[in-house]
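Work through the exercises below with the sequence and the model open side by side. Each task is followed by a solution that goes step by step.

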Amino acid sequence: MKIIESWVRKHKYEYNGAIRHPFIHKIRDATVQTSSFKRWLGQDYLFVRNFIPFVASVLIKCSKESNNDSDMDVILAGMASLNDEIAWFKKEAEKWDVQLTGITPQKTNQNYSSFLESLMQPNVNYAVAITAFWAIEAVYQQSFAYCLEDDAKTPAELRGACERWGNEGFGQYCNSLKEIAERRLAEVSEDVQAKAEATFLRVLEEEVQFWNMSEGRLPSEQN
Ligand code: HMH
């Protein structure tokens with residue numbers, strides 16, 4: 001079995017915790033509070049602004065270490081979609097009357113950004129960074145695709161957000177990231193593999209905290 005696949009199985013509980021969070025369930029059954037969605041929107045805009053330099057750092061690692069040209073094309077496409085994402089956030093924020101300028105990142109968001117920054121260091125192995133990149137995108141893809149299933153009651157005004165990450169093209173992009181990660185993980189030492197596994201788990205934890213924050217829970221109330 002492939003490495004990431006085996007981790008997803010091994011850590012099924014943690015993985016499901018991230019992709020089937022109460023916040024997502026509430027979007028799916030139309031019980032999410034507007035204030036939670038708006039909080040998520042503003043904070044996620046800030047998150048994405050910090051995610052962009054992280055992706056740039058993965059692109060740099062790729063250019064230095066990758067033995068496959070198409071890896072860079074996939075990451076570059078990811079960068080391009082972040083450009084669209086920023087534009088989407090600005091438009092969506094206007095629709096919901098959410099102020100994006102001067103918005104303060106919450107503690108949970110800051111913690112996630114610090115973690116991303118630690119992964120941007122040049123000494124972090126490309127295999128570890130690309131695993132994190134895949135996991136971050138995959139959690140959103142799986143979460144929002146769940147809100148678009150036939151039996152989902154996701155309200156019309158939230159469908160745009162769900163389609164942004166839950167669409168099939170984004171799913172294919174996540175699969176491409178996963179394939180890159182699988183290929184690189186197969187080539188590194190067990191020590192680096194262990195680091196990548198720990199990083200995967202950390203991403204799941206950060207994602208859960210992020211959903212918690214969106215629901216208005218304080219860090220002390222989490223878990
Ligand atoms: C918190 N995780 C968070 N925000 C996002 N936009 C993504 C993942 C996917 O890009």
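The exercises that follow concern a predicted model, and they deal with the ligand, the cavities and one pocket.

**Exercise 1. Describe the surroundings of the ligand: which residues form the shell, and which elements give two or more of them?**

Step 1. List the neighbours: the ligand is surrounded by D44, F47, V48, F51, E85, Y112, I136, E137, Y140, W165, E207 and F210.

Step 2. Sort these residues by class, which gives eight nonpolar and four charged residues in the shell around the ligand, with no polar ones.

Step 3. Find the cavity that holds the ligand, and the answer is the largest cavity. The shell draws two or more residues from each of α4 (34-65), α7 (126-146) and α10 (190-214), and α4 supplies the largest share, namely four residues.

**Exercise 2. Identify side chains that place a polar atom close enough to the ligand for a polar contact, using a cut-off of 3.5 Å between N or O atoms, and state how much of the ligand's accessible area the protein covers.**

Step 1. Begin with the oxygen side of the ligand, where a polar side-chain atom of E137 lies 2.8 Å from an oxygen atom of the ligand.

Step 2. Turn to nitrogen: an N or O atom in the side chain of Y140 is 3.2 Å from a nitrogen atom of the ligand, and for the side chain of E207 the corresponding distance to a ligand nitrogen atom is 2.6 Å.

Step 3. Consider the cover, for on its own the ligand has 280 Å² of accessible area, and the protein covers 100% of this area.

**Exercise 3. Count the cavities of 30 Å³ or more, and describe the lining of the largest cavity and of the second largest cavity.**

Step 1. The count comes to two cavities of 30 Å³ or more. The largest cavity holds about 80 Å³ of space, while the second largest cavity holds about 30 Å³.

Step 2. For the largest cavity, the lining consists of D44, F47, V48, F51, L82, E85, I136, E137, Y140, W165 and E207. Two or more of the lining residues come from each of α4, α5 (69-96) and α7, with the largest share, four residues, from α4. By class, this lining has seven nonpolar and four charged residues, and no polar ones.

Step 3. For the second largest cavity, the lining residues are D44, F47, Y112, Y140, E207 and F210, and the elements that give two or more of them are α4 and α10. Here the classes divide into four nonpolar and two charged residues, again with no polar ones.

**Exercise 4. Characterise the second largest pocket: what is its volume, and which residues line it?**

Step 1. About 180 Å³ of space lies in the second largest pocket.

Step 2. The residues that line this pocket are E5, V8, Y15, W134, A138, Q141, Q142, G171, C174, N175 and K178, and α1 (3-10), α7 and α9 (168-185) each give two or more residues to the lining.

Step 3. Sorted by class, the lining of the second largest pocket has five nonpolar, four polar and two charged residues.

Methods: Residues are numbered from 1 along each chain as its sequence is written. This is a predicted model: local features need pLDDT of at least 70, side-chain atom pairs count only at pLDDT 80 or more; totals for chains, interfaces and linings use all residues. Side-chain values use heavy atoms; hydrogens and water are left out. A residue is near a molecule or strand if one of its heavy atoms lies within 4 Å of it. A polar contact is a pair of N or O atoms within 3.5 Å; within protein, one must be able to donate a hydrogen and the other to accept it, and residues adjacent in sequence count only if both atoms are side-chain atoms. Accessible areas come from the Shrake-Rupley method with a 1.4 Å probe; for residues, only the protein chains shown count as cover. On a 1 Å grid over the protein atoms alone, a cavity is a set of points where a 1.4 Å probe fits but cannot get out, and a pocket is an open set with protein on both sides within 12 Å along at least five of seven lines; lining residues have an atom within 4 Å of a point. A molecule sits in a cavity or pocket if more than half of its atoms lie within 2 Å of its grid points. Ala, Val, Leu, Ile, Met, Phe, Trp, Tyr, Cys and Pro count as nonpolar, Asp, Glu, Lys and Arg as charged, and the others, Gly among them, as polar. Grid points are joined across faces, edges and corners, and a volume is the space filled by probe spheres set on the points.
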